Amino acid sequence: MNEGVLFPPLPHRIESRAPAAARDISLQQFVRHATVTKDAGRVDACRVAFGERYDDLRRHAGAIKSHTLDHLDAYLDRFEAAATRAGATVHWAADAASANRICLDIAKRINAKVCVKSKSMATEETRLLPELEAAGVKTIETDLGEFIVQLDGDAPSHIVTPVIHKNRASVARAFVRDLDARYTEDPGELTMIARAHMRKLFERADLGISGGNFLIAETGSLVICTNEGNADLTVSLPPVHIALVGIEKLIPAMEHLPIFLKLLARSATAQPLTIYTTIITGCVTGPARSAGQRSGADADGPRELHVILLDNGRSELLRAPTRELLRCIRCGACLNACPVYKAVGGGHAYGSVYSGPIGATITPHLKGLHNYPDLATASSLCGACFHACPVHIDLPSQLISLREQAAQRHISPAPERAVMKLWRWIMQSPTRYRIASGLARFVLSRLEDVDIPLPGPLGAWTSCRTTPRPGAIDFRAWWNERERTKDNDHRPASDRGRA
Ligand code: SF4
């Protein structure tokens, strides 16, 4: 994997990568087309399934997660006890290094040579794959998107759709180059090529690794949702399975699972249910248990099941103002809805495993605001992410809070702070605002028809955009006219009649 994409030298500024992405027209087209389609699909799927109950439903889901997070210590203990009773081994990892060490110790003990891995944000976060490879364990990503990313030595660009930034032709080229396949751009054929390649590896694998979408405290169960069934194969074929899961993935009981499955599938891919939704409780060598759970006599599944509960900064996020961020179920809906994610050509510009609005909010907390000083500014604060979020996370407020902290701690650049001070001074007085906006209109109207880059720092704006033109009339004049006419056409008279 191109490590530098997701783990750049720090501090990382999104503005260092955004301009190149903004000028890459084909990248823009892939990302825009995919995200717009996904976002429209989500809206439609939620409207059809939930209608006016949608808002209540997402509030309810958010409340279940909040309750779990408020009592996380008790639920974690409950999960550990239930999972252990069911035959799993539960490990605790305070950080990425200890999570990887646990995985490597297990791989070494069983003398693992081939590992099949399903898509997992937690393993991306800990950079597990390169460590396994360095330890001599050949590791294959089995999610099709992640597999393509691995072949290309690239990095995932989206939480749910890692190859959102690629087209069929680039996938076809990778398969010709690395799998000795004939060139085809047919998605069905490409899938069959990958399938045939992976099946052989699944048969040889002695270790399977996955993440987990949910953990159920009551039963000690691990829930994995995929559309390709690859995670199920990583669990059922190799004799040993490791699931690396963030501690925030807990929900209290099985009865709470359906609401999250409904919301996750519709928010991520506009499906009523993810195609393979698997609940794993213990392993075949575990003690026989009550009806409905896997028993010791069950022939399928691993002989050893290890669940690693990963903290890696999450306990810090449990502090009250940021706790709601841990409600995230990684559906990716906020990425698809975000105009900035589209404008910067997908996730690579964010320089972190988590991109889009959720990445812009959690990364500075997990990795330090000083290391990602401008991520929180990569938002228009339009609120689209909040409306898309199925667990009702107030992402815009979290972004504003980060900006405030950056200003208070003098992390944002001095010129930016000076401009914001000036802006505040102007906005505090109607007279000053009127003079400043009149001045801006005058300057911008002089630039009309002159498509030249603006000077100094303003050049960052015009390097990939045309110089903004003022409207025919200013806002105040428009507002006054609207009040006077009180009709239903809210456009200025000068604009009426236009399509
Ligand atoms: S913040 Fe909300 S919308 Fe974004 S990935 Fe998480 S759950 Fe989905």
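**Local environments in the predicted model**

Ser-379 is found in the loop that runs between helices α17 (356–367) and α18 (384–388). In this predicted model, Ser-379 is a buried residue, with a relative accessible area of 18%. Leaving out residues up to four places away in sequence, the partners that Ser-379 touches are Val-340, Leu-399 and Arg-403. The side chain of Ser-379 also has a polar atom that lies 2.9 Å from the backbone nitrogen of Leu-381. A long-range distance helps to place this loop: Ala-205 is 174 residues away from Ser-379 in sequence, and the two C-alpha atoms are 43 Å apart in space.

The ligand offers a good second stop. The space that the ligand takes up is the largest cavity. Around the ligand there are 13 residues, of which Cys-328, Cys-331, Gly-332, Cys-334 and Cys-389 come nearest. By character, the shell around the ligand is made up of eleven nonpolar residues, one polar residue and one charged residue.

Cys-331, one of the residues that come nearest to the ligand, belongs to the loop between α14 and α15. With a relative accessible area of 8%, Cys-331 is buried, because buried means under 20%. Beyond its neighbours within four places in sequence, Cys-331 is in contact with Val-160, Leu-264, Ser-267, Ala-268 and Pro-390. The C-alpha atoms of Cys-331 and Leu-263 lie 8.7 Å apart, although 68 residues separate the two in sequence.

The loop between α14 and α15 holds further residues worth a look. Arg-330 is placed there too, and counts as buried at 14% relative accessibility. The backbone of Arg-330 has a positive phi of about 55°, although this residue is not a glycine. Most residues other than glycine have a negative phi. Thr-322 is likewise in the loop between α14 (314–317) and α15 (333–337). Thr-322 is buried, with a relative accessible area of 5%. Residues up to four places away in sequence aside, Thr-322 touches Glu-316, Leu-317, His-365 and Gln-398.

Positive phi values turn up elsewhere in the chain as well. Arg-127, which is not a glycine, has a positive phi of about 55°. This residue sits in the loop between α7 and α8 (128–134) and is partly exposed, with a relative accessible area of 33%. Gly-153, just after α9, takes a positive phi of about 60°. Another backbone feature is the cis peptide bond from Leu-10 to Pro-11, with omega near 5°. Pro-11 lies in the loop between α1 (3–6) and α2 (18–23).

Helix α9 can be followed from its start to its packing partners. At the N-terminal end, Asp-143 caps α9, with a side-chain oxygen 3.0 Å from the backbone nitrogen of Gly-145. Within the helix, which covers residues 144–152, the buried residues are Gly-145, Glu-146, Phe-147, Ile-148 and Val-149. The elements against which the buried residues of α9 pack are α7 (121–126), β3 (138–141), α10 (168–179) and α11 (187–204).

Strand β1 (residues 89–93) contains His-91, which counts as buried at 18% relative accessibility. The side chains of His-91 and His-306 make a polar contact of 2.9 Å. When neighbours within four places in sequence are left aside, the contacts of His-91 are Ile-102, Ile-106, His-306, Val-307, Ile-308 and Leu-309.

Finally, Ala-440 is part of helix α21 (residues 430–446). At 36% relative accessibility, Ala-440 counts as partly exposed, because this class lies between the 20% limit for buried and the 50% limit for exposed. Between Ala-440 and Thr-462, which are 22 residues apart along the chain, the C-alpha atoms are separated by 16 Å.

Note on methods. Residues numbered from 1 in each chain as written. Predicted model: local features only at pLDDT ≥ 70, side-chain atom pairs only at ≥ 80, totals over all residues. Heavy atoms only, no water. Near = heavy atom within 4 Å. 1 Å grid on protein atoms, 1.4 Å probe; cavity = no way out; pocket = protein on both sides within 12 Å on 5 of 7 lines; lining within 4 Å. Sits in = over half its atoms within 2 Å of the grid points. Nonpolar A, V, L, I, M, F, W, Y, C, P; charged D, E, K, R; others polar. Buried < 20%, exposed > 50% of the residue type's maximum accessible area, 1.4 Å probe, protein only. Helix = DSSP H or I, 4+ residues; strand = E, 2+ residues; numbered from the N terminus. Contact = heavy atoms within 4.5 Å. Polar contact = N/O pair within 3.5 Å; in protein donor to acceptor, adjacent residues only side chain to side chain.
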